[in-house]
There are 4 protein chains.
Amino acid sequence: MDFNIIRAARAILNVTNLEESRRFYVNALGFVETESDDETIYLRGLEEHIHHSLVLKKSDEPSVEVISYKVYSEADLDSLDRFFNEKGFLTKWVEAGTQKALGRALRVQDISGLPIEFFATMDTVDRYLQRYDLYRGAKVQRIDHFNCAVRDVEKAYNFYIDELGFSCSEYTTADDEKIWAAWLHRKPTVHDVAFMNGVGPRLHHIGFWLSDPMSVIHTCDVLASLGYGANIERGPGRHGLSNAFFLYLRDPDGHRIELYNGDYLTSDPDFKPVKWDLDDPMRQTFWGHAAPDCWFNEASNVLDVHTGKLVTTSDPLLEKKKPTIII
Amino acid sequence: MDFNIIRAARAILNVTNLEESRRFYVNALGFVETESDDETIYLRGLEEHIHHSLVLKKSDEPSVEVISYKVYSEADLDSLDRFFNEKGFLTKWVEAGTQKALGRALRVQDISGLPIEFFATMDTVDRYLQRYDLYRGAKVQRIDHFNCAVRDVEKAYNFYIDELGFSCSEYTTADDEKIWAAWLHRKPTVHDVAFMNGVGPRLHHIGFWLSDPMSVIHTCDVLASLGYGANIERGPGRHGLSNAFFLYLRDPDGHRIELYNGDYLTSDPDFKPVKWDLDDPMRQTFWGHAAPDCWFNEASNVLDVHTGKLVTTSDPLLEKKKPTIII
Amino acid sequence: MDFNIIRAARAILNVTNLEESRRFYVNALGFVETESDDETIYLRGLEEHIHHSLVLKKSDEPSVEVISYKVYSEADLDSLDRFFNEKGFLTKWVEAGTQKALGRALRVQDISGLPIEFFATMDTVDRYLQRYDLYRGAKVQRIDHFNCAVRDVEKAYNFYIDELGFSCSEYTTADDEKIWAAWLHRKPTVHDVAFMNGVGPRLHHIGFWLSDPMSVIHTCDVLASLGYGANIERGPGRHGLSNAFFLYLRDPDGHRIELYNGDYLTSDPDFKPVKWDLDDPMRQTFWGHAAPDCWFNEASNVLDVHTGKLVTTSDPLLEKKKPTIII
Amino acid sequence: MDFNIIRAARAILNVTNLEESRRFYVNALGFVETESDDETIYLRGLEEHIHHSLVLKKSDEPSVEVISYKVYSEADLDSLDRFFNEKGFLTKWVEAGTQKALGRALRVQDISGLPIEFFATMDTVDRYLQRYDLYRGAKVQRIDHFNCAVRDVEKAYNFYIDELGFSCSEYTTADDEKIWAAWLHRKPTVHDVAFMNGVGPRLHHIGFWLSDPMSVIHTCDVLASLGYGANIERGPGRHGLSNAFFLYLRDPDGHRIELYNGDYLTSDPDFKPVKWDLDDPMRQTFWGHAAPDCWFNEASNVLDVHTGKLVTTSDPLLEKKKPTIII
């Protein structure tokens with residue numbers, strides 16, 4: 001392929017109340033607020049040198065406008081445009097300057113119907129990595145990955161691996177050896193994106209990376225102190241799959257955020273993807289804890305990049321199986 | 001009162017398979033094995049300078065032989081003997097040398113029917129506090145407290161406070177302001193013993209103190225690696241009551257162990273006991289997580305100090321109310 | 001003895017610039033500011049339920065007005081007054097209401113010439129133990145101990161043990177078996193006060209307790225971010241003596257603060273004081289690091305409780321020996 | 001360039017006593033011993049799926065045989081061979097099977113005279129990432145980088161960037177804006193190799209990555225317990241440059257090992273290298289601590305890949321300046 005996707009880079013979430021969202025993301029979780037106005041808040045992690053990795057837009061109802069990948073160069077955008085068009089996908093250009101701090105961006109509904117975007121250029125800002133005096137709450141370091149529920153995981157898997165150049169680090173199979181869920185990466189961590197069998201296309205969660213496990217514990221304490229106990233959906237715990245030390249939160253609109261520490265280096269081509277059986281109890285939670293039903297059933301609806309309307313969801317191809325749907 | 005109880009000091013648990021117990025307590029949790037024979041294993045924490053704080057005895061069925069408190073001097077034992085006899089309790093002396101490493105001990109069934117013991121003298125041993133090369137698993141530091149289910153918490157509370165000289169750090173009340181559960185201490189931490197409304201007398205758990213929260217996380221990982229995932233019953237989490245960062249485990253016989261870090265200093269007489277409503281969701285788990293049913297319903301049976309037979313249990317006086325029974 | 005000293009409870013430090021001090025103690029270290037005016041700042045740790053444990057008073061030059069111990073009851077104050085007078089010490093009463101939030105207090109120059117104070121009553125306030133949203137910097141939990149340089153350690157040791165009821169947890173001896181330094185406690189931790197051979201009487205440092213070792217690391221990062229790198233005098237490291245994980249800081253006036261985590265329970269009368277040789281390299285820093293000269297030579301001058309003037313210092317009785325003076 | 005270097009992958013150290021080395025690396029630091037014989041020990045980190053990342057060879061005197069980089073494919077090795085030959089470097093092939101577990105390897109003395117090696121294939125083994133029951137000491141996760149003292153940093157910098165495809169994350173300049181030290185990477189972390197102005201060519205240290213900062217603290221405690229206090233050369237501390245939380249150790253032969261946690265993602269081409277002034281006190285140690293002289297002056301000698309003899313060292317081009325030489 002003649003394009004180079006670097007990594008999962010940002011998401012745009014529609015939220016119903018900016019003040020509520022700011023209180024959650026900035027005051028409680030410690031995101032850095034780069035800039036904001038009456039309609040939008042731009043957030044980044046403490047180690048990020050780019051303008052933002054999360055955009056919260058005021059809207060009538062919660063949804064996901066787009067999830068975005070950074071590519072190596074502007075030329076990669078043209079190559080991706082050609083590639084998608086040749087494959088019969090309808091792309092859409094968003095010109096430079098249209099989106100705050102962003103160069104031109106290419107949007108398309110991917111093979112599962114997820115609204116994805118590619119861009120090469122975003123304004124850079126001062127990195128706060130060593131401004132420890134500003135560390136608050138979860139001390140969020142950077143965006144790490146997207147996790148999406150899709151109707152046909154194997155189709156998504158093949159498209160991202162064969163056509164977009166992703167590699168698989170770990171995956172889960174059902175009894176018939178069908179791929180039930182898969183963790184795919186461009187940067188050499190466990191994932192930039194994961195797909196799991198479920199009602200889709202929907203965004204299950206956005207993963208943000210923390211610098212150490214104690215920050216996960218402290219986050220729980222801070223959230224509880226601020227009255228956000230009910231927003232702690234699952235964890236802290238260790239995923240068998242990925243080895244991540246995790247915490248799942250629901251923001252005030254129900255969008256799910258994973259705070260995440262752990263991971264490992266996946267740079268080597270001879271690293272064999274780790275296979276997990278759908279029924280291995282240590283797969284989801286290494287320590288054996290069950291996850292709540294809501295974690296399996298609920299996810300954020302996504303928008304059509306062309307119409308701006310909600311994308312219709314479908315039931316998954318494979319069996320929905322609670323103890324096994326994803327991590 | 002003319003006796004001085006120092007602290008919760010040790011327990012004797014009957015277990016059905018010493019090898020299974022050793023694998024769990026020594027290999028997985030990192031207790032120090034001071035001494036053992038075919039019938040008994042003597043364990044201590046890394047900072048303990050006394051011979052043991054936990055005794056595992058081979059038996060046909062799991063039960064609790066006794067929970068023991070250390071007193072200041074031999075004279076305190078005589079005073080306690082007089083005190084209990086005057087109150088109509090039948091005491092029993094276990095002479096020095098009868099129990100390994102222990103001076104003479106006074107046993108009695110307490111006001112709730114719990115088998116308790118007092119001793120002043122135990123052999124001392126080398127402390128392994130700074131033998132970090134021997135630290136394993138949970139790196140258990142020392143015994144901290146006993147938690148017991150009893151039929152009538154208020155009666156136990158009054159007896160321990162008024163007659164035995166304990167102080168209350170925190171307590172829980174039901175709607176009618178009756179005491180539902182209480183945390184009582186002699187050493188200036190949150191507790192040496194807690195009582196909660198439940199089918200009793202039974203031992204709910206023994207709490208051991210760890211040196212830092214990361215040791216709790218590492219314990220989960222080690223337990224899962226060794227196949228003990230199912231033995232992790234609850235947590236890790238933060239108790240609202242006591243502020244402890246906790247993990248509850250079930251040993252191979254079902255005895256419950258709490259690994260515990262946090263706590264605070266309770267030395268001051270002007271410290272007012274913290275009152276929690278039975279229905280405050282942050283009381284049990286500060287972060288809002290629910291505890292599993294088994295945690296509420298299951299506990300270890302205790303023996304009669306005179307007959308060695310199981311003590312019959314009774315239903316509690318106050319309502320059994322799941323979300324609120326204890327921490 | 002017919003009085004009961006509970007613990008090290010507060011200190012009054014004279015500082016030259018309240019704003020500078022506030023920036024250091026509140027903004028950087030995360031002390032809670034209970035109350036303040038143009039002349040004084042009252043600080044406490046996050047778990048403390050009393051009005052303050054540290055008082056900063058505006059003054060022309062830095063010094064220590066007094067270090068204070070809390071006693072069990074008002075009657076203990078009268079007993080202490082009698083005791084000191086009988087021993088020939090000149091005491092001074094500070095009536096209730098004279099000092100903010102404090103009941104009546106008894107002051108005296110102790111046997112080493114240190115200005116000490118006893119009180120039974122201080123106003124209580126809301127404890128912030130579970131206000132994790134307010135945790136900042138070092139997340140200081142509570143005052144733990146005083147460390148003082150004195151001319152004759154053995155004299156101080158005998159007085160505090162024999163006359164005031166302290167116990168010794170650890171001590172250091174010189175070649176001739178003379179006591180070079182000693183750690184003494186009333187509450188069952190390693191110490192409430194330590195004495196070491198040095199130019200005295202001076203206050204070497206006040207120790208504050210942190211909840212976990214990671215808070216020590218985070219403190220260094222926050223201090224460096226705020227330009228306080230030069231205020232980090234020693235550490236982080238592990239003391240062999242006491243097993244504490246420590247960090248020594250100098251405040252803007254040069255007063256030394258120890259941030260401290262670790263310690264162990266010293267409740268048992270059969271715990272034998274740990275003896276260290278002055279030349280054991282692991283005594284001071286378990287990991288073998290040397291401490292800087294300033295840490296050995298510099299300390300805060302103290303005032304006379306009657307005249308308010310600086311107390312004259314004398315050289316110590318035993319040899320000053322750098323690698324061994326104290327921890 | 002038509003080759004793809006993936007990452008720093010392994011080193012071969014000559015040591016004088018295998019048993020001493022095993023005690024240090026395996027017993028104290030917790031490396032996994034994959035395999036060994038009378039002449040050699042093969043070690044790896046807990047997350048590594050390859051046979052080894054560190055080889056210890058019995059020898060008469062300590063030295064560095066080679067430092068190795070993993071490339072994407074066998075074809076890359078041929079391309080590198082052509083490249084070096086065209087540039088006038090004399091390469092040497094080590095055939096597959098000659099080195100335990102390794103495919104064919106290409107060796108060459110690099111532009112600074114350092115013995116480097118490239119390989120594409122190494123036997124894979126079971127990863128122990130989730131064998132937490134085997135975690136010991138430092139719980140070393142994986143090799144991270146090499147740090148080398150060279151005579152002409154700017155020459156090395158240009159060669160690795162322009163010819164070998166490395167990127168620069170951070171660098172230090174002297175007063176005249178000459179590059180004094182540089183951190184270069186292929187994998188998107190701060191570095192795979194760093195060069196600093198010093199007597200060279202020598203290997204200053206090998207960096208290994210730990211999973212969390214508490215493991216650094218625990219390592220110090222374990223080392224001290226085992227009598228390795230004198231082997232702790234510097235730290236724990238935070239580097240300003242790289243933001244790493246570090247600990248420097250000297251192995252029984254004096255080879256320097258860095259244990260390392262922190263780092264950040266350097267995947268983006270628009271990330272601008274961070275420039276540090278040689279005299280910025282926070283550059284080396286963010287907290288302001290000085291490093292010991294030995295850390296600046298001592299390093300491991302390297303061998304000639306053709307003759308196996310020690311490579312002669314030269315003084316550096318730029319001034320040797322203690323507070324600034326490297327991190």
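# Four chains, two kinds of contact

A rotation of 180 degrees with 0.0 Å of shift along its axis lays chain B over chain A, at an RMSD of 0.0 Å. Keep in mind that this is a predicted model.

Reader: So what kind of axis relates chain B and chain A?
Author: The superposition turns chain B by 180 degrees and leaves 0.0 Å of shift along the axis. Contact residues fit that picture, since 100% of those of chain B recur in chain A. The two copies are thus related as by a two-fold rotation axis.

Reader: And for chain A and chain D, which residue of chain A has its C-alpha nearest the axis?
Author: Chain A goes onto chain D by a rotation of 180 degrees with 0.0 Å of shift along the axis, again with an RMSD of 0.0 Å. In chain A, the C-alpha nearest that axis lies 2.9 Å from it, and it belongs to Asp212(A).

Reader: How much area is buried between chain A and chain D?
Author: On the chain A side 35 residues are in contact, and they touch 35 residues of chain D. The copies meet through the same surface, because 100% of the interface residues of chain A are also interface residues in chain D. Carbon and sulfur atoms give 55% of the buried area, which is about 2900 Å².

Reader: Which elements of chain A give two or more residues to the side that touches chain D?
Author: Start with the polar side of this interface: it has four salt bridges and 16 residue pairs in polar contact. One of the salt bridges joins Asp268(D) to Arg7(A), at 2.7 Å from N to O. The elements of chain A that give two or more residues here are strand E1 (5-15) and strand E17 (274-277).

Reader: What about chain B and chain A: how much area do they bury between them?
Author: Here 17 residues of chain B are in contact with 17 residues of chain A. Of the area buried, 67% is on carbon and sulfur atoms, and the total is about 1500 Å².

Reader: Which element supplies the largest share of the side of chain B that touches chain A?
Author: Between these chains there are two salt bridges, including Arg238(B) with Asp221(A), whose closest N and O atoms are 2.5 Å apart. There are also six residue pairs in polar contact. Helix H4 (213-225) and strand E14 (232-238) of chain B each supply at least two residues of this side. The largest share, seven residues, comes from H4(B).

Reader: Are the partners in the salt bridge of Arg7(C) and Asp268(B) buried or exposed?
Author: The side chains of Arg7(C) and Asp268(B) meet at 2.8 Å, N to O. This pair crosses between chains, from strand E1 (residues 5-15) of chain C to the loop between strand E16 (256-261) and strand E17 (274-277) of chain B. Arg7(C) has 5% relative accessibility and therefore counts as buried. Asp268(B), with a relative accessible area of 7%, is also buried.

Reader: Within chain A, how many residues apart in sequence are the parts that Glu35(A) and Lys100(A) tie together?
Author: These two form a salt bridge with the closest N and O atoms 2.6 Å apart. Glu35(A) sits in strand E2 (residues 32-36) and Lys100(A) in the loop between strand E6 (92-94) and strand E7 (105-109) of chain A, so the parts they tie together are 65 residues apart in sequence.

Reader: And which partner is buried in the pair of Arg250(D) and Glu298(D)?
Author: Their side chains meet in a salt bridge of 3.0 Å, N to O. Arg250(D) is in strand E15 (residues 245-250) of chain D, while Glu298(D) is in the loop between helix H6 (293-297) and strand E18 (300-301). Glu298(D) has a relative accessible area of 36% and is partly exposed. At 14% relative accessibility, the buried partner is Arg250(D).

Reader: Which residue caps the N-terminal end of H1(C)?
Author: Helix H1 of chain C covers residues 18-28, and its buried residues include Leu18(C), Phe24(C) and Val26(C). Just after H1(C), Gly30(C) takes a positive phi of about 85 degrees. At the N-terminal end, a side-chain oxygen lies 3.0 Å from the backbone nitrogen of Glu19(C), and that oxygen belongs to Asn17(C).

Notes:
Residues numbered from 1 in each chain as written. Chains lettered and ligands numbered in written order. Predicted model: local features only at pLDDT ≥ 70, side-chain atom pairs only at ≥ 80, totals over all residues. Heavy atoms only, no water. Least-squares fit on C-alpha atoms with pLDDT ≥ 70 in both. Contact = heavy atoms within 4.5 Å. Buried < 20%, exposed > 50% of the residue type's maximum accessible area, 1.4 Å probe, protein only. Helix = DSSP H or I, 4+ residues; strand = E, 2+ residues; numbered from the N terminus. Polar contact = N/O pair within 3.5 Å; in protein donor to acceptor, adjacent residues only side chain to side chain. Buried area = accessible area lost by both parts, 1.4 Å probe.
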